[in-house]
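Biologist: Please take a close look at one part of this model, starting from charged side chains, and follow what you find outward in one connected account.

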Amino acid sequence: MNIQILICTCNDRINFAEQVINSFDPRISYLISHQVFDGRDYDTSHPTIEKLNNRTDVSYSQIHSQGLSKNRNNCLSQATSDILIFADDDVQYSSSQLAMLIQMFEDNKTIDGVTFKIDTKSEKAFKKYKNHSFKHNSMSIMKVSSIEIALRRTFIVENQLAFDERFGLGTKFPSSEENIFLHDALNKNATFLFIPKFVVSHPAESSGKLWYNIRLIEAKGALFRRLYGLKGLALLIIFALKKWPEYRVHISFLKFCKLSLSSFLQLEKK
């Protein structure tokens, strides 16, 4: 069994993508999807691209579009390994962490995917995690970040799973694409487990929840419509009440509801 790290990057950030790649391991390969939308020409003579193309364990793909979900879908369309991990261009892995993950999938044939912990290599935790394994449900997946996900490629192919390209960085609704992806997987009867293991390293978040970002608030409204249809309206109001202590410094409850409700009504359920 082998594993493939799907690295999404864009424009000049291709220069950072190389840092994600470890020393050669025959069980591990890398697929870099380079999204270009700044008008520049990135050809095979580019120093970083040339270096990447010289590695037998790295596949490089360039697309001219915008939107993180389009970039991740490009990765999915070209992935070839048994296990796929979604990565950004600012994360790191160790061979031992990935070997542990491969072994876990080999030992648990009925598991379609897992989520795991992010190590910040500092005293500040990336987020709060449970200290025990559990089976994911429609509520728990709402707390998952894309770089915490590994899943079997066969399940994606057989169920024709893809990211909703209306969501994610670079779109009108710049968040929640991974939660929608996992929700769609659960609707296809996927079995997802959380394992309390550190698999990926990422710098600690310093900004917290950006509740003053209007587009992120609007994305929450669209998210609830996408997942639950018109029934999601009640859940959206409950969410706004629950999160009020976190955003009240930046925005009023009424404005939060107005912004999220507007996008809720705009989005047609897919």
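**From the salt bridges to the helices and strands**

Modeller: The side chains of Arg55 and Asp57 meet in a salt bridge, with 2.7 Å from N to O. The model is a predicted one, and this pair is part of a set of 12 salt bridges found when the whole structure is searched. The two partners differ in their cover, for Arg55 is partly exposed with a relative accessible area of 28%, whereas Asp57 is buried with a relative accessible area of 6%. A second pair is formed by Arg72 and Asp88, whose closest N and O atoms are 2.7 Å apart. Because Arg72 lies in helix H3 and Asp88 in the loop between E4 and helix H4 (95-107), this pair ties together parts that are 16 residues apart in sequence. Arg72 is itself buried, at a relative accessible area of 1%.

The general background is simple: side chains of opposite charge can pair when their charged atoms come close. In a further case, Asp164 forms a salt bridge with Arg166, the closest N and O atoms being 2.9 Å apart. This pair does not stand alone, since salt bridges that share partners join Asp164, Arg166, Asp184 and Arg226 into one network. Within the network, Asp164 counts as buried at 3% relative accessibility, while Arg166 is partly exposed, with a relative accessible area of 29%. The other two members lead into helices, as Asp184 is listed among the buried residues of H6 and Arg226 among the buried residues of H7.

H6 (177-187) deserves a closer look. Helix H6 is mostly covered, with 10 of its 11 residues buried; the buried ones are Glu177, Glu178, Asn179, Ile180, Phe181, Leu182, His183, Asp184, Ala185 and Leu186. What covers them includes helix H3 (68-78), E4, E7, H5, E8 and H7, and among these H3 has already appeared as the helix that holds Arg72.

The two loops that flank H6 each hold a residue with an unusual backbone angle, given that most residues other than glycine have a negative phi. Ser176 is found in the loop between helix H5 (153-159) and H6, and its phi is near 75°, a positive value in a residue other than glycine. On the other side, H6 is followed by Asn189, whose phi is positive and near 70°, and Asn189 lies in the loop between H6 and strand E8 (192-201). The surroundings of the two residues contrast: Ser176 counts as buried at 4% relative accessibility, whereas Asn189 is exposed, with a relative accessible area of 67%.

Among the elements that cover H6 is strand E4, which spans residues 83-87 and has five of its five residues buried, so it is largely enclosed by the rest of the structure. In a regular strand the side chains alternate between the two faces of the sheet. In E4, Ile83, Ile85 and Ala87 point one way and Leu84 and Phe86 the other way, and all are buried. E4 is joined to strand E1 (residues 3-10) by five bridges, the two running parallel, and in this pairing Ile5 stands opposite Ile85. Three bridges join E4 to strand E7 (residues 149-152), which runs antiparallel to E4, and there Leu84 stands opposite Leu151. E7, like E4, is named in the cover of H6.

H7, the helix that holds Arg226, also belongs to that cover. Helix H7 (residues 214-228) has 15 residues and reaches 22 Å from its first C-alpha to its last, close to the 21 Å expected at 1.5 Å a residue. Its buried residues include Lys220, Arg225 and Arg226 as well as Ile217, Leu223, Phe224 and Leu227, and what covers the buried residues of H7 includes H6, H8 and H10.

H8 and H10 lead in turn to the surface. Leu233, Ile237, Leu241, Leu261 and Leu265 make a nonpolar surface patch of about 420 Å², to which helix H8 (232-242) and helix H10 (253-266) each supply at least two residues. H8 gives the most, with three residues. One residue of the patch, Leu233, has its place in helix H8 and is partly exposed, with a relative accessible area of 34%. H8 and H10 thus take part both in the cover of H7 and in the nonpolar patch.

Notes:
Residues are numbered from 1 along each chain as its sequence is written. This is a predicted model: local features need pLDDT of at least 70, side-chain atom pairs count only at pLDDT 80 or more; totals for chains, interfaces and linings use all residues. Side-chain values use heavy atoms; hydrogens and water are left out. Buried means under 20% relative accessible area, exposed over 50%, partly exposed in between (1.4 Å probe, protein chains only). Helices (H or I, at least four residues) and strands (E, at least two) are DSSP runs, numbered from the N terminus. Two strands pair if DSSP finds at least two bridges between them. Patches are made of residues with over 30% relative accessible area and no salt bridge: like charges are joined within 9 Å, nonpolar side chains (Val, Leu, Ile, Met, Phe, Trp, Tyr) within 5 Å. Accessible areas come from the Shrake-Rupley method with a 1.4 Å probe; for residues, only the protein chains shown count as cover. A salt bridge is a side-chain nitrogen of Lys or Arg within 4 Å of a carboxyl oxygen of Asp or Glu. The expected span of a helix is 1.5 Å times one less than its number of residues. Contact means heavy atoms within 4.5 Å.
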